[in-house]
Structures are given as C-alpha cells and as structure tokens.
Amino acid sequence: MPLTLHLTVNGEAHRVDLTDPRPTLLDVLRERIGLTGTKKGCDRGQCGACTVLLDGQRVNSCLVLAASADGAEVTTIEGLSADGALHPVQAAFIENDAFQCGFCTPGQVMSAVGLLAEGETGGDPERIREGMSGNLCRCAAYPGITAAVMDAFARMEAAEGERADDRARTEDRARQGEPA
Ligand code: FES
Ligand code: FES
C-alpha cells in the first residue's frame, strides 16, 4: 500500500513517497534522503551502527519501520555539528582516538549523545560502558570510546556550568538595575 511520510531530519522537512510500508528508517535515511552517514552493519539490531535520535531518543534505525516514524524528528550524524563547530562528543572522539576504521563511529557518536542526554551515567566509566554496550566495534576501540564519552561528559558539564554562571551574573545585574 503506497504511503507518504513526513519526517524532519536534522531540522529539515522531508516528504517521502513509499510504494509499500516495509522500508526501515535506516533505508529511508540512506537511500531516499541520501544521508549515508548512518551505517548499516547487521541490519538486525545487534551492532548499533545505525543509531540515530528519534524524537530525542537513541534507536537502532534498522529496527524502526519508517512508516512508524511519520511526523517524527530525526537527528543523524550529519546534523550534530552546529555553525561549523563539532558537537562535544565528536570533538572528544577525535581527541581520544576513539576509532580505527570508523565504520561504527557514527553510531557510537549518536549513541553517546543519546546516552549523555539521558543523564544517567554521572560520567562513570562503568555506567558509560554499560550504556554503550549496544554499540559494537570490530576494531575494539572501546578504551578510546569510553574515554571519549567521559571527556564529552566533562566538557558538557563545564559548558553547562559556564552557562549557569552567565545566567546568575545576568540576574544579579538585572537585580541591581544594570544593563545586561
Ligand atoms: S545495522 Fe542496525 S543494529 Fe546493526
Ligand atoms: S572503529 Fe572500526 S568498527 Fe569501530
């Protein structure tokens, strides 16, 4: 049965006409929208190479029927950097040598972004390893990956601390009647 999907991918609206309802979100992203940064490893939910954010939650896009994502917001590896600046997780992967061949890396990065947004790790390496355990790396870059996620956690905490300080300073100035 033909159907039309509406997806917002990396902030851009897409209309995708499907002749049948069976394609996965992974195949639609790669083959219909042309975003090949999301990788197909096992195509059966076992490797995490296809991880994207679906309405902010990390998912294996090979396990999501595209039809079920109609109206959703999707973020892929192509949509992470902003204004030419790498996302802190991307920067931390580079600086911590967290990959070798790179095939699993987009999925690792997207999973790490989702994991940190879940806010459960507290930067603890054991919890990070557990939270990233659905993302396999055939090159066994795991020590670097864990180090990168810890580093990204620290960077994001520091940035959040700076934003909180800025807000407090602005509120102080407002209380004292000074211009912001
Ligand atoms: S390609 Fe989706 S989990 Fe492996
Ligand atoms: S860097 Fe090669 S599979 Fe992970």
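## Overall composition

Of the 180 residues in the chain, 36% are buried. The structure is a predicted model. Its secondary structure comprises 5 helices and 5 strands, arranged along the sequence in the order β-β-α-β-β-β-α-α-α-α.

The C-alpha trace extends over about 65 × 40 × 25 Å along its principal axes. Among contacts with a separation of 6 or more, 57% join residues that are 24 or more positions apart in the chain.

## The largest nonpolar core

The largest nonpolar core contains 41 residues, and A112, V149 and A152 have the most contacts inside it. Two or more residues are contributed by each of β1 (3-9), α1 (25-32), β3 (51-54), α2 (88-95), α3 (105-118) and α5 (142-175). The largest share, 6 residues, is supplied by α3. Because domain 1 (1-79) and domain 2 (81-180) both give residues to this core, the core lies between them.

The surroundings of A152 illustrate the packing at one of these positions. Leaving aside residues up to four places away in sequence, A152 touches P88, V89, A92, A112 and L116. One of these partners, A112, is itself among the core residues with the most contacts.

## Strand β3 and its two faces

In a regular strand, side chains alternate between the two faces of the sheet. Is strand β3 covered on its faces or left open? Both faces are covered: T51 and L53 are buried on one side, and V52 and L54 are buried on the other. Strand β3 is also one of the elements that give two or more residues to the largest nonpolar core.

## Pairing of β3 with β4 and β5

Strand β3 pairs with β4 (residues 57-60) in the antiparallel sense, through 4 bridges. Within this pairing, T51 stands opposite N60 of β4. The two strands form a hairpin with 2 residues between them, and D55 in the turn adopts a positive phi of about 50°.

An antiparallel pairing also joins β3 to β5 (residues 73-75), here over 2 bridges. In this case L54 has V74 of β5 as its bridge partner. Thus T51, which is buried on one side of β3, faces N60 in β4, while L54, buried on the other side, is bridged to V74 in β5.

Conventions:
Residues are numbered from 1 along each chain as its sequence is written. Chains are lettered from A and ligands numbered from 1 in the order in which they are written. This is a predicted model: local features need pLDDT of at least 70, side-chain atom pairs count only at pLDDT 80 or more; totals for chains, interfaces and linings use all residues. A residue is buried if 20 or more other C-beta atoms lie within 10 Å of its own, exposed if 12 or fewer, and partly exposed in between; C-beta atoms are placed from the backbone. Two residues are in contact if their C-beta atoms, placed from the backbone, lie within 7 Å. A nonpolar core is a set of buried Ala, Val, Leu, Ile, Met, Phe, Trp, Tyr and Cys residues joined through C-beta atoms within 7 Å. Domain bounds come from an automatic or database domain assignment. Two strands pair if DSSP finds at least two bridges between them.
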